[in-house]
Structure formats: structure tokens, C-alpha cells
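Grab a pencil and get ready to trace some strands. Try each task yourself before you read its solution.

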Amino acid sequence: MASKVSRAVLELETEKAGHSNELLIGLYTMLQKCRMCDEKARILFRQSKFGGNFYSGAGQEATEVGAAISLRKDDWIAPSHRDWTSNIIKGAPLKFCYAQLFARATSPDRGRSSPAHMGYPELNVITPASSIAGQLAVGTGVAFGLKRLKKDSVVVAFFGDGATSIGGFHEALNFAGVHKLPIIYVCQNNYWAESVPLRLQTALEKLSDRAKAYGFPGYSIDGNDILAVYDAAVKAIARARAGEGPTMLECRTYRWYGHSEIDPAKYRSKEEVEAWKTRCPVANFEKSLMQKKILTDAKKKQIVTEITREIDEAVEFAEKSPFPDASEIGNFVWAD
Amino acid sequence: MSRTITYIDAITEALDQEMERDDRVFIMGEDIGPSGGVFKATAGLWEKYGEDRVLDTPLAENNIIASALGAAMVGLRPVPEIQFADFITPAMDTIVQQAAKIHYRSNGAFKVPITVRICCGGSSGSGLYHSQENAAWFTHEPGLKVVMPATAYDAKGLLLAAIRDPNPVLYFEHKKLYRSIKGDVPDDDYIVPLGKAAIRREGRDMTILTYGSMMHLSMEAAEQMAKNGVEAEVIDLRTLNPLDKDTILTSVRKTSKCLIVHEDKRTMGIGAELAAIVGEEAFDDLDGPIMRITGPDIPAMPFSPPLEKAWQVNTEKILAGMEKLAAY
């Protein structure tokens, strides 16, 4: 059973004041876009429109949007297998993202990586591998390089609770602490590493406590509260940019579906899933904006209609795109 | 100007000159700073370039490679060191899954020009965990270049070529050669191109394919066999991936016999691939079996002297192989 999360776990004083309406609508729009893109991808996968597997991030959108939406173009993202929508947040055109799911020649990597391994080099989103915590190792290295080059760009690395158990996590965070690297470690603690519950992964109450061992701050926050994540990330990014070093944010959240689309996730109780669905990061934020009259039904309809149109166009583009030619298989084994 | 210097001094000189020439180049690893490295390969560099460019790292091989790799992705030219090839296993994930594949998986968008210096090979009393070669683990991975110099000249020229190459290069340096081998090394800038073997001795009767410290033993054996009228051609592979197939096959087609000599273990080793290439592409030219003189299929070099000696390839073992092959 997942432990109970409430605002009481918050260690970080977030500043609720000072969010402009424009920012709030921007956050809402991006949350909605990530959710709609993800749900659309699930449907397409189940319709066998693309192969491999799909790792839905539905339910975890606030962690990605809150952490990544304020990044600059020259900042970097090191995504995990569940973070394909972080490409969208960074600004990757939807049509290329769907082309990647569809393994088409129009995708950024011309069909090399499976749907779970989406990157967008032009916008500094690192193409990930499957190795657990591998993106932390590489992302930490990028932060090391940025610091050496005296640039003020930062790296946001996403990972699940599962990635905190492996040695590479320790090596990366330890090194980042030693050199005060410009990186923000965003742990999307969804309480399940594939089918392994958190209680069998760690004896810690708070995963953010791990940061103490590396000499930098760690905070446990409500990962379904977009403003909590956003405020914490803005502070962490500013800290990294100022050369003060890394921050770990444990964002407590939940993936609504299985580890992947072929996982019925029977290891979780219905009650647990339903309880978390009532804490939907999109719906709850929408409700709060409606209550404050910042969002109206008409505005919501306009946003949803626009996203739907964009998704439809992107899917059409992907479906109509050619597959890569078999003759391309040997390209870029070697750099020259 | 050329001088006679040791293999290890050639390595140090290459690092020094390349760091001076290119400020993107920096070195990092365990004990490489004020201590100058376990074998002193980086001696004096910390004093000259400071901690910024000669960085002692935590004892964490995966992170040594990963931090270098990430730095390379943003335009730097890191030269990380793995203190002993025996200790490279924690870094396998980053080397194999990231360094070897990120250029391919990003369709050429990301480049990782890192040169990993790896001290390898057996010496006296080095024992199970300070004697391994392990180059064959990596020659199996397209995307990784693998080199091993046998001479002081190549130690410098291959290292400079490796650092300037846009690919990840694993540069295996043999600890036994560090101070046992001297050679003429130009003090100015030059490279030994990656992917090119060297013919160390010309001969008409058989080809010996070898590299690293085994090149020197093979040369000794070849000289002794010449007294019996058998002239062996000794090919020093220098680069283990990609292999210089042209030089290998041209030689075997000339001599019609092929003996492979390497220090590392036998089964699925580099010799197996060399034999397969020769078998597939020069079958009609062969007048005898493709033979191998290699380390045994025993986990690693044991510590006790008689056991160590039994493990190691030596000139006598090579000579025995040559005699057997010459009889065909």
C-alpha cells in the first residue's frame, strides 16, 4: 500500500503568491496537453498503430510540467523511459514525437529508438537508454561539462523511485554533490518499481533523505500539485544556475496504469488506484482555477479543442510518414 | 627531433602536448592528480595544469566514464583513466549502453569523443585482479574503437589520434611495457592512424597476427625461427576495432599460414574473430590450419609464480606453435 501523502509532507516553503494568470493557464494547458497526448498514445498502441511497448506517464504530469516548463532552450533534460512528454514540454513539435512512436523516418532519430526512448537533441533532450538510472549518469556528466565550460545552463534529470536503488544513482549524485553541479534530480516516486512496492525498495520514509548523504538539499513534495512542483523546481533551477549545486526533489505521485501497456498491474489494489485518481493533477488544478475564475468552461473548451487539433494533425503526419529505408541501418555507427 | 624514451613517457608526453594544444582536453581518474597515477603515467601534469584539468575522481568507475561522456556531449574532449582493466566492470553499463550507442541511437546527433585510458595486462606478481586484459569485451561493441599500442612510438601516436577521433576510443596500455620498452619517439606532433596495422617483420612463410606485449614475444620467436629457415611476417594490429582487414588478409594470402598470438583468454577471444576473418576471406590461400597461441581458459592470471608462468604466453609457447604450423 502506498503511504499517505498530504501537504503535511512538504518541507519546502512554496510561494503560492505571485503566479500570474498567464503562468497558471500556461501550466494548465501543458498539463492538459501531456495528459491528452499520453492518453492518445495509449489508444493508438492498443489499436496496434505502433509496436514495441508504451509506458504511460498519465497521473504523473505535474512532476514533468512543473519541473521542466521553466527551462530555457539551452537547458537539458535527461528523461527516463516514462518521460516522453518531457520532449513536448521542452518544445519538441508533436508531429515528431508521434513519428517517433510510429518508428518513422521523420522522427528525430529516424526510427532508431523504441517509443520509451524519446529524445530531441536539437532542444537538448537526451535520447535515453533502458539502463535503470543511466540517464542520471549521462545527465550528471552533461552538468559536469556545462560547469567546466562555465555555462549557466542546467540539467533536469527525471527518474522513478526504482532508479534510486542502483549503484549508478549513488555514483552520479555523489559526484554532483562533490562538484556542485547544475542539475536537478526529479524523482517521480510513484511507489512502484515495475511491480515492486516501495517497502521492498527502501527502508527510508522519504527518498529525498538520500540527498543528505550527498551534501545537497532534498525535498519531498506533493508531485500531484503542479504549483508545489513548479515552485520547488524554480528555486532548484535558480540555485543550480547560480552555481550553488544540485537539488533533489522527491515528487510523490502515481502512475495510473501499469508499468507498460502490457502490464495489467494486478499487484495494486483497485482502491489504491481509485484513491490516487481522485488526486488527479490535471483535474484538481483545473477545479482550483475554475473556482478562482481564472479558467472558464469556454476557455477550457478552447484549450482542449486546440490540443485535439494539434494531436490529430501530428498523428496524421506520423501515419503518413514513411518508414526508414533498410539501407539506413548502418548509418551513424561511427562518428566522423 | 626524435629521442629514445619509454612507452610510459610517450603516453605522458602525448597527454601533455594534447592538453597544451587543445584546451578542451582534460584528464580525470583515480589517483592521477598529485600522486601522478599508480604507474606515474600522469606525473607532473597536475602541477602543470592544475586540478581543473587533472581531476582526481571518486573511486567510482561508472561515474568516471559517465561524467566524461556527458562532458564530451557538450563539446569537451575528456580523457578518463581506468586504473586497471580489471576494475572496468562497474563502468560496463555506461561504456556499452551509452558510449557505444548514443551516436547511433540519436541518428548521429550526439557525439562522445572520449578516450578511455585503461592500464591492462599481466606483469610479474600482478595476480588475478591486476593482470587482466579484457579488450575483447569491448571489441564486440560496434561504436567503440579499441586500440593497444606495442611500441613507444605508437603509444604517443595512437593516443593523439584517439583523443582527436570523434568516437569513443578505448586505449589499452600494457603495464609490462611501461618501462621495459623504449623507442624512438618524435618530440613533435604526429598521429598513428586508427584502424591501421603495422608490419613489424616481413616474411614469406607464415603470418603472425598479434598486438600489445605479445608483439615483442612474437618478434623474438620469429627471429629464432629464422635461424631454422622459417621467415615469419609479424603483424602488429595496433587497432583491435575496427580491424585492418586489408593488411591482415594481404599478409595471409602471401604466406598461406596464420598464427594468432594474444595474451588474453582463448574462447571467444580476439583470436577467434581473426581466425574467422581469415577462414572466411582467405580460405583458398591457406596451406595449414589457423592456429592460436593464447592465454588459457582459466579465469585470470593466478598469483603464485609457477601458476602465473603457466598462465602466461611466452616465447617458447609461440615457438612451439610456429614449429607445428611450419610443418604443414
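Here are four short exercises on the sheets of this predicted model.

**Exercise 1. Work out the strand order of the seven-strand sheet in chain B, and find its edge strands.**

Step 1: Walk across the sheet from one side to the other. In chain B you pass E3-E2-E4-E5-E7-E6-E12, and the sheet is open.

Step 2: Check the directions. The pairing in this sheet is mixed.

Step 3: Look for strands that pair on one side only. In chain B those are E3 (54–56) and E12 (239–241), the edge strands.

Step 4: Add the twist, which averages 20 degrees from one strand to the next.

**Exercise 2. Describe the surroundings of strand E2 in chain B: which strands does it pair with, and is it mostly covered or not?**

Step 1: Take one neighbour. E2(B) runs parallel to E4(B), with four bridges between them, and B:Ile27 sits opposite B:Val79 of E4(B).

Step 2: Now the other pairing. Three bridges link E2(B) and E3(B), again in the parallel sense, and here B:Met28 faces B:Leu55 in E3(B).

Step 3: Sort the side chains. In a regular strand they alternate between the two faces of the sheet. From E2(B), B:Val25, B:Ile27 and B:Gly29 point one way, while B:Phe26 and B:Met28 point the other way.

Step 4: Count the burial, remembering that a buried residue has 20 or more other C-beta atoms within 10 Å of its own. Five of the five residues of E2(B) are buried, so the strand is mostly covered.

**Exercise 3. Find the helix H3 of chain B and say what it touches.**

Step 1: Locate residues 61–73 of chain B, which make up H3.

Step 2: List the contacts. H3(B) packs on the sheet and touches E2 (25–29), E4 (77–82) and E5 of chain B.

Step 3: Compare directions: H3(B) makes about 170 degrees with E4(B).

**Exercise 4. Switch to chain A and explain why E1 and E6 each have a side without a neighbour in the sheet.**

Step 1: Trace the order. Five strands of chain A form an open sheet, E1-E2-E3-E7-E6, with parallel pairing.

Step 2: Look at the ends. E1 (76–78) and E6 (218–222) of chain A each have a single partner strand, so one side of each is left without a neighbour in the sheet.

Step 3: Zoom in on one edge. E6(A) runs parallel to E7(A), residues 247–252, over five bridges, and A:Gly218 has A:Met248 as its bridge partner there.

Step 4: Finish with a helix. H5 of chain A (residues 134–148) lies across E1, E2 and E3 of that chain, at about 170 degrees to E2(A).

Note on methods. Residues are numbered from 1 along each chain as its sequence is written. Chains are lettered from A and ligands numbered from 1 in the order in which they are written. This is a predicted model: local features need pLDDT of at least 70, side-chain atom pairs count only at pLDDT 80 or more; totals for chains, interfaces and linings use all residues. Two strands pair if DSSP finds at least two bridges between them. Helices (H or I, at least four residues) and strands (E, at least two) are DSSP runs, numbered from the N terminus. Axes are lines fitted to C-alpha atoms, for helices over the stretch in contact, and angles run from 0 to 180 degrees between N-to-C directions. Two residues are in contact if their C-beta atoms, placed from the backbone, lie within 7 Å. A residue is buried if 20 or more other C-beta atoms lie within 10 Å of its own, exposed if 12 or fewer, and partly exposed in between; C-beta atoms are placed from the backbone.
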